[in-house]
Every structure is written in C-alpha cells, then in structure tokens.
Amino acid sequence: MAKEKKMLSEKQQINKTLIISWQITIAIVLVAYILEIVKQTKTVGYCAVMWAITIPFMIWTLVIYKKNPESKLIKYIAAIDYLALYAYVLLTGDTVLVFVYIFPFFSALIASNDVKLMRNVGIAAIVLNIASVVLRLINNDGSNPGLLAECEIQVAAAVLITLFSCVSCSFINRLNENKVAAMEQAAKEQELLNARVMNLVGVVEENIGIINESSKQMSASAKTTADAMNEITQGSDRTNEAIDNQIVRTKDIQSLISNQTELSANIKALVTTAKDDVDKSMANMNMLDDGAKKVKDNNDVVKKNMEELNEKTEEMQNIISIIANITSQTNMLALNASIEAARAGEAGRGFSVVASQITELANQTKAATENISEIVQALGEQANVAYNAVNSMVEINDNQNEIISDTNAKFKSIFADMNNIVADVDKQDAQIKDINDASGVILDSTNSIAEINSKLKEYAEETDGLAQTNLTNTLEMSGLIDAVMTEIENFRSGE
C-alpha cells in the first residue's frame, strides 16, 4: 500500500510538472505574440485563434487534474493541444525559427517516461515540419537563397529532437527498470533477512520473556525479603525499646522495693511509736472526759446566772420606760406653765422662770434616762449575746463530750489495729524480699535478651542492605528487559 501511494504520488507529480511546463510554454508564446500585436506584425484575430486553441484545453486539463490528479488523459490532452498550437504557429508563421517551439514541450514530456507518447508527438512534429518546409519551398520566389539549408536544418532538428528524446526516455525507462529490478531483488533479500531477524527476535523475545518472569519473581522475592528484614529491624528496634523500658522499669521496681523495705521499717517504727502515743492519748482522753464534765457543770451555773441577768435587765427597761413617761409629762406641764406665765405678764414672770428651770431639769432627766436606756439596752444585748454564747458553749460541750467518748472508743480500736499492722508489716517484709530476688533474676535475663536482640538487629540490618541492593539490581534488570521488549515490539510493528 505504501508503494502504491508512492507511485500515485509520482503520477500526480508528473502530471503537475507537465501542466506547469505546458502553461509556462503557452504563456511565453502568448506573451510573445501579444508583443507582435503591439508591434503590429500580427493581428488580434490571429492571436485570438491561438487563445481559442489553448485556453479551453488548458481549462479542461485543470478540471481533470482537480478531479483525478493521477489521470492519464492529462498528458494526452496536453500533447494534442500543444501539437495543435504548434501546427498553427508553424504553418502560419513568417519565420523558420518557430519550429523550436517543440523543444520545451519535448523536455516536459521526458518527465512522463512515456516512450510511445514521445514517439507519436515526435512523428507528428516531424510531419508538421516537413509540411512547413514544403509550403515554404512552394512559396519561395527565389529571394531567399538559404531557404533550402534552413529547411534541411529545420527537418533535421525535428528528427534529432524526436530521436534523442525517445532514446533518452527509453534509456531512463531501462535505467528505472534496472533500478526497480535491483530494488525488488534487494527487497527479496531484505525479506529473507527480515524473516531470519524476526525468527531470531522471536527466540530472543521468548528468552527475554522467561528472563523477565524470573526477574519479576526475583524482584518480588527481593522486595518480600527487604520488607521482612525491614519489619524485623523495626521489630528489633521496638524490642530494644521494650527491653530498655523493661530494664528501666525493673530497676524502678527494685528501687521501689528498696524504698518499700525502708518504708516498711519506718512504718513498723511509726506504728510502734503510734501505739505508745495511742496509750498516752487514751489516758489523756480519760482526763479530758473528766474535765469536760466539770466544764458542763460550770456552764450550767453560768447559764442560770445569765437567765437571771436577762430578767433583771427587762425589769430595768420597764422602770426606764416609766421615768421617760414622767419626763415627757413634766415637759408638757412646764410648757403649759410657760404659756400661762406669758399671759400673766409681769405677774407671771417668776412663775415663768420656775417653769423654764423645770423644763431644763426635765430635759436633763430625759437625756439621762435615754443614756441609761441605751446602757441598759446595750447591757441587755450583751447579756443576750452572752446567754446565746453560753447556750452554744453548752451545746458544744455536749457534742464535745460525745466526740470525746467516740474518740476514746476509736483509740481503743486503733490500738487493736496497730497490733494487726505490725503483724502485716512483718509478712510484707518477707514478700518484698522474695520480689526483690525475682526482680534481680528478671533484670539479668532482660540484659541477656538485649545482647541477643542487638546482634539480631545487626544481622537483620546487614541482610536488609543486601536485600535492598538485590532489589535495586533486579529492578534495573527489569527496566533493561522492559526496554529491550519495547524495542522488539517497535521493531515488529515497523516491519
């Protein structure tokens, strides 16, 4: 298919080259004859005939090329049209040199590699030139002595251009055929070589596939080994950390055991001391109970006296109220006496002085009564406070007596518990000694495990490093194998 496309492209290129050469040649001829019109050596009608011969065929050719660029009609239409134009110019021209117009078209036809077309166009050109020569000889009036030589040159040129063009085209065809044959032979040899190469590629691909599978298995194994070694290393790190923590905790336990031993000894000493103190406290509590009873008796006496004091204070308040009432009435009488003395004028002046003194005396009595009332009231309040305090003291003393009784009973219970604590402390000392011995054994075992785990970690790290190296090498080999497989696939797809 690629070769067919290439040949079609070559046909299209031949037609394109032929059309362009044809158009350029026609354009130059038409321009030349337009100049002839300008010089008035040719008429417009003469040039119109030329245009009528060339332009329709040219348009027809372009239409065909647009529809089918590889059409064989293009070269035949171009040859017929150009021969028609050549015949018109050659047979109607006034100069022998117009016969050279066939030369550029022969150059364009060589590109078509069509010997038959080249031969037919050459024969037509020779016939047209012979006809032109015959007409010139018939019309010669003897004024051109070199006409015969010109005619000979014209015919000879037409024959030679036809001969050489056909020979060149034939030679090019044979050369191309030899090249095609050589290319076909080379293609056959290349196909044999490709078959051998493809056979070899198949074998290599199969072997590489086996190697690739082995490499993938090795890569998976190496990755599994590396992951396992990594997990072992991490587990070893965690084990070391746990061992370190266990050692620290064991040492802490031993320290706590030592402290507990000292604490037990201290507790035993303290319990013994506390037991003695409890004995003393019990004796003191008995004395405190006796004193509390005496305090209760005294409080009862004080409470009774405070009740009598409150009663006397209330009686004094009543007396003060009577005095205050009398003082108020005396003030009223003194006020009335002052009013009557004012009415009596000079006769009541002495009585007015007496009334003023009585009023002053009443005021003083009122002030003294108020002071006494305040004192008595304060005394009553203080008596109430003292009475309340005595009541509170009595209640507190009663509660205190109950507490003292309870405390005395609790001290007796504590004394009994102290004896039990001493016995328990002795048992605890024996147990702590056993725990301390076991903790020492655990510490020695933990240290041995730490040494073994440290060596295990070193072995695991070394194995992990080797596994990582093996994994890296395996991955690199897999990458190279994949690259080779890709190249093989590319080679296969490009055959």
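Student: In this predicted model, in which helix is L160 found?
Tutor: The model is a prediction, and its residues are numbered from 1 along the chain. The helix that spans residues 147-344 includes L160, and this helix is α6.

Student: Is L160 buried, partly exposed or exposed?
Tutor: The relative accessibility of L160 is 41%. Buried requires under 20% and exposed requires over 50%, with partly exposed in between. L160 therefore counts as partly exposed.

Student: Which residues form a nonpolar patch on the surface with L160, and what is their accessible area together?
Tutor: The patch joins L160 with L163, F164 and V167. Together, these residues have an accessible area of about 370 Å².

Student: Which residues of α4 are buried, and how wide an arc do they cover around the axis?
Tutor: Helix α4 runs over residues 102-110, and I102, F105, F106, A108 and L109 are buried in it. They lie on the same side of α4, because the arc that they cover around the axis is only 160 degrees. In general, an α-helix has 3.6 residues a turn, so residues three or four places apart point the same way. The arc asked for is 160 degrees.

Student: Which helix gives the most to the largest nonpolar core?
Tutor: This core has 37 residues, of which Y33, M50, F105 and V121 touch the most other members. At least two residues come from each of α1, α2 (44-67), α3 (73-92), α4, α5 (115-139) and α6. With ten residues, the helix that gives the most is α3.

Student: Which residues does F105 touch, not counting residues up to four places away in sequence?
Tutor: F105 is one of the buried residues of α4. With residues up to four places away in sequence not counted, F105 touches L18, A78, A79, Y82 and V121.

Student: How many residues are in the other core that lies apart?
Tutor: Another core lies apart from the one described above, and its members include I19, Y65, I74 and I77. The number of residues in this other core is five.

Student: Is T25 buried or exposed, and which residues does T25 touch?
Tutor: T25 lies in helix α1, residues 2-38. Its relative accessibility is 12%, so T25 counts as buried. Residues up to four places away in sequence aside, T25 touches Y82 and P104.

Student: What is the phi of Q40?
Tutor: Q40 is found in the loop between α1 and α2, and Q40 is exposed, at a relative accessible area of 72%. Most residues other than glycine have a negative phi. Q40 is not a glycine, yet its phi is positive, at about 65 degrees.

Conventions: This is a predicted model: local features need pLDDT of at least 70, side-chain atom pairs count only at pLDDT 80 or more; totals for chains, interfaces and linings use all residues. Side-chain values use heavy atoms; hydrogens and water are left out. Patches are made of residues with over 30% relative accessible area and no salt bridge: like charges are joined within 9 Å, nonpolar side chains (Val, Leu, Ile, Met, Phe, Trp, Tyr) within 5 Å. Accessible areas come from the Shrake-Rupley method with a 1.4 Å probe; for residues, only the protein chains shown count as cover. A salt bridge is a side-chain nitrogen of Lys or Arg within 4 Å of a carboxyl oxygen of Asp or Glu. Helices (H or I, at least four residues) and strands (E, at least two) are DSSP runs, numbered from the N terminus. Buried means under 20% relative accessible area, exposed over 50%, partly exposed in between (1.4 Å probe, protein chains only). The arc is that of the directions from the helix axis to the C-beta atoms. Contact means heavy atoms within 4.5 Å. A nonpolar core is a set of buried Ala, Val, Leu, Ile, Met, Phe, Trp, Tyr and Cys residues joined through side-chain atoms within 4.5 Å.
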